[in-house]
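Subject: Structure handover

Hello,

Here is the structure you will be working with. Please open it beside this email and follow along.

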Amino acid sequence: MWSYSFEIPTLLVMTILLVFFFSRPRLPLKKNLLFIQMIAIETLVIIFDIAASVADNNYQTVPKWLVDNLNMIYFIGFFTRAFVMYCFTLSVTRASIILKPYIRHILRIPFYFGIVVSLLSPFLRLLFYVDESGFHYGILYPYIYVVGFSYAITSLILLRYFHKDMPKRESYCMVLYNIILIASLIVRMALPTTLLMDTFVLIDIIIVYLGFENPEYFLELRSTVFNSIALREYIEENAGKMDYKVIGIVVHRYQVIREVYGANQTDVGLSLIGKYLKQFFPKNKIFYNRKGRFVVFVDPKTDVEYACKNLSKRFRKPWKSEEAELYLTPGFVTIDLSENDFTADEILGSMSRIFEKAGNSESGEIFYISKADVQKNKTDTLVRRYLESAIDNNTVELYLQPLVNRRGRIVGAEALARIKDFEGSIIPPGMFIPLAESSGRINEMGEQIFEKTCSFMRYLMAENINLDWINVNLSPVQFVRTDLAERYSAIAKKHKVDPGLIHLEITEESVVDESFMTSQIQALGEKGFKFVLDDYGTGYSNLSRLKKCPFINIKLDKSLVWGYDKEPDVILPNMVSTFKSMGFGITAEGIENTKMEDDMKGIGCDYLQGFLYSKPIPTSEFIKLFNRM
Ligand code: C2E
Ligand code: MG
Ligand code: MG
């Protein structure tokens, strides 16, 4: 009665897929295991479908117990397959983590019931029975469709709600997969005697294979090692659960190497390294993380230094093949991944930073990544997001800290930038200025603060509030821009503010290249700007160089002020009197109490800045404070 002519080629294709899949390296990821279950169960279903069909067609000659059992096993397989295919959707949508456990338990009931019904069928004729006239459907036979359709439809519903976190390609694959599953059930109902359903399921398996499981998708460097996608997924699935150390190996100055040897040769060299690492770490997972970086997961007890020393030895010889001969040197990083609750992105972000360092350092030392490094990287990532958003939306805020003269009157102010997190709490500049400098966005940020300062100055003038000047900080990154004078002067002009009212604070870092500094200061000076040397005492100071600089004021760093407060000496007073004799005004930063105030006045400072007078405050508060003092 059954026609199983489609089953044989289906089984053949399945076999090819199986052999190919198992011959390649695989990662022990959950969806990988589910995929293996899926192909295993489908292969069994096909085999038992064929066997049961042969038995049913020959019911007169085959013993009844055998016909019964083959059919029973086929139905068990049928329910299990429906369930496993649904579990795959559950896993890839991550609904298995998000859904409440009781909902997941309820959703298992149709499957369990199907197994019980199958086991009882030879006795109670529920799904089928076999008598003198052959195979017949039982009263509960339609239940197989109920289970088939309900799991496929549930899967589509899960996809509808949980597809957002999935890559687009994967979610399309999964929709198609479930639609084909539904189509296969409809075909099975319409053509019950033509065993076509397995062919449809095979198509589904191929879709999953191409969409998710294709091992090539996870492999790199002529298939020797896993790639960075695999690395991310592996860490993501095991983060916090794995007891691993990671050894990272990076080819020194990878970009230069690539230029010197060319892309093809370099790739050959890298795949040779990949192969060597596989021999060196035969039982470990090895990944290639782009840019000449390899990542190996080792047991936490591994002696990393010993391993790196041995690896270094191999690097002293060239990497040779018929096509190439490369001389490379390695850098090493290591991180202990046991007991942490960082995400894959956080771990990979820190690794990437340290890899960068190790790839440029010639010392051959091993760079250790501590939990504090990952934490710092995590915070930086967050701060970077707030910073980008503040600069993009021009919401970097202008705060002012008063500068008072020797009589305690506010005569000036320092403009200080503030950004806020999405909850509205202030992030200190110590956290975001270095990030803005390293990304170059300090240019925009500095300009926004400068413009806000000009606009505020204009407002003060209109209100007849007499503030003599405002200091604005200029980062060394900004200071090297050749169009700085033009831009700042244009902004001051736009707000009708005399540039002489804005004093630019630069640090000694900016003064390193003397000839450039001279021309830059000259260009800005011609536009009317004045200069203040900030944070004096923290860097490398050079009196003769200072002599050449047209600073109007030198700001003593708070560390000098605090040091003098603890342990007065003759150095600071002498330094101040020397500067004064050279014509510089002096500002003391970090005045926190009246003793510091008295000390600094005592040694001759002209202006004072510190929490004793006020912390940096928003412009509106600054006006109130100015009117009060
Ligand atoms: P800075 O230019 O030396 O600014 C003085 C810093 O000392 C300010 O820190 C100020 O709040 C702090 N300070 C002043 N008096 C006291 C005191 O009595 N006690 C203590 N503990 N601290 C005091 P803030 O605002 O956190 O800024 C830190 C640094 O960030 C600044 O140091 C400056 O280098 C940089 N920065 C801030 N705003 C900008 C900006 O708009 N552009 C640039 N390029 N750098 C900025
Ligand atoms: Mg400053
Ligand atoms: Mg300072």
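Below is what was found, starting with the whole chain and ending with single residues.

The model is predicted. The protein chain has 629 residues, and 50% of them count as buried. It holds 24 helices and 21 strands. The radius of gyration is 37 Å, while a compact globule of 629 residues would have one near 25 Å. The C-alpha trace covers about 120 × 60 × 45 Å along its principal axes.

Contacts come next. Taking contacts in the protein chain between residues at least 6 apart in sequence, 72% join residues at least 24 apart. The accessible surface of the chain is about 30000 Å², and carbon and sulfur atoms account for 58% of that. As for charge, there are 70 positive and 70 negative side chains, and the centres of these two sets are 1 Å apart.

Now the metal sites. Which residues coordinate the magnesium ion (ligand 2)? They are Glu414 (OE), Asn473 (OD1), Glu505 (OE) and Asp534 (OD), at 2.0 to 2.3 Å. Along the chain, the donors of this ion have the spacing E-x58-N-x31-E-x28-D. Two of these residues sit in strands: Glu505 in β16 (residues 502–506) and Asp534 in β17 (residues 530–536), so the pair ties together parts of the chain 29 residues apart in sequence. Both Glu505 and Asp534 are buried.

The magnesium ion (ligand 3) is coordinated by Asp534 (OD), Asp535 (OD) and Glu589, the last of which is listed twice (OE and OE), at 2.0 to 2.8 Å. The donors of ligand 3 follow the spacing D-D-x53-E. Here too the chain is linked across a distance in sequence: Asp535 is in strand β17, Glu589 is in the loop between β19 (585–588) and α23 (594–602), and the two are 54 residues apart.

Are these two residues buried or exposed? Residues under 20% relative accessible area count as buried, and those between that value and 50% as partly exposed. Asp535 has 24%, so this residue is partly exposed. Glu589 has 7% and therefore counts as buried.

The two sites share a residue. Asp534 bridges the magnesium ion (ligand 2) and the magnesium ion (ligand 3), and these ions are 3.9 Å apart.

Two further residues are worth finding in the viewer. Gln448 lies in helix α16, which runs over residues 442–462. Its relative accessibility is 13%, so Gln448 counts as buried. Setting aside neighbours within four places in sequence, Gln448 is in contact with Ala390, Ile391, Asn394 and Val396.

Phe342 is in a loop, the one between β10 (330–336) and α13 (344–360). With a relative accessible area of 9%, Phe342 is buried. Which residues does Phe342 contact, leaving aside its neighbours within four places in sequence? These are Ala239, Ile347, Lys371, Val374, Gln375 and Lys378. Phe342 can also be compared with Ser96: the two are 246 residues apart in sequence and 21 Å apart in space, C-alpha to C-alpha.

Regards

Note on methods. Residues are numbered from 1 along each chain as its sequence is written. Chains are lettered from A and ligands numbered from 1 in the order in which they are written. This is a predicted model: local features need pLDDT of at least 70, side-chain atom pairs count only at pLDDT 80 or more; totals for chains, interfaces and linings use all residues. Side-chain values use heavy atoms; hydrogens and water are left out. Donors are N, O and S atoms within 2.8 Å of the metal (3.2 Å for Na, K and Ca); water is not among the atoms, so sites may look incomplete. Helices (H or I, at least four residues) and strands (E, at least two) are DSSP runs, numbered from the N terminus. Buried means under 20% relative accessible area, exposed over 50%, partly exposed in between (1.4 Å probe, protein chains only). The radius of gyration is taken over C-alpha atoms; the globule rule is 2.2 Å times the number of residues to the power 0.38. Contact means heavy atoms within 4.5 Å. Accessible areas come from the Shrake-Rupley method with a 1.4 Å probe; for residues, only the protein chains shown count as cover. Lys and Arg count as positive and Asp and Glu as negative; His and the chain ends are not counted. The place of a charge is taken as NZ of Lys, CZ of Arg, CG of Asp or CD of Glu.
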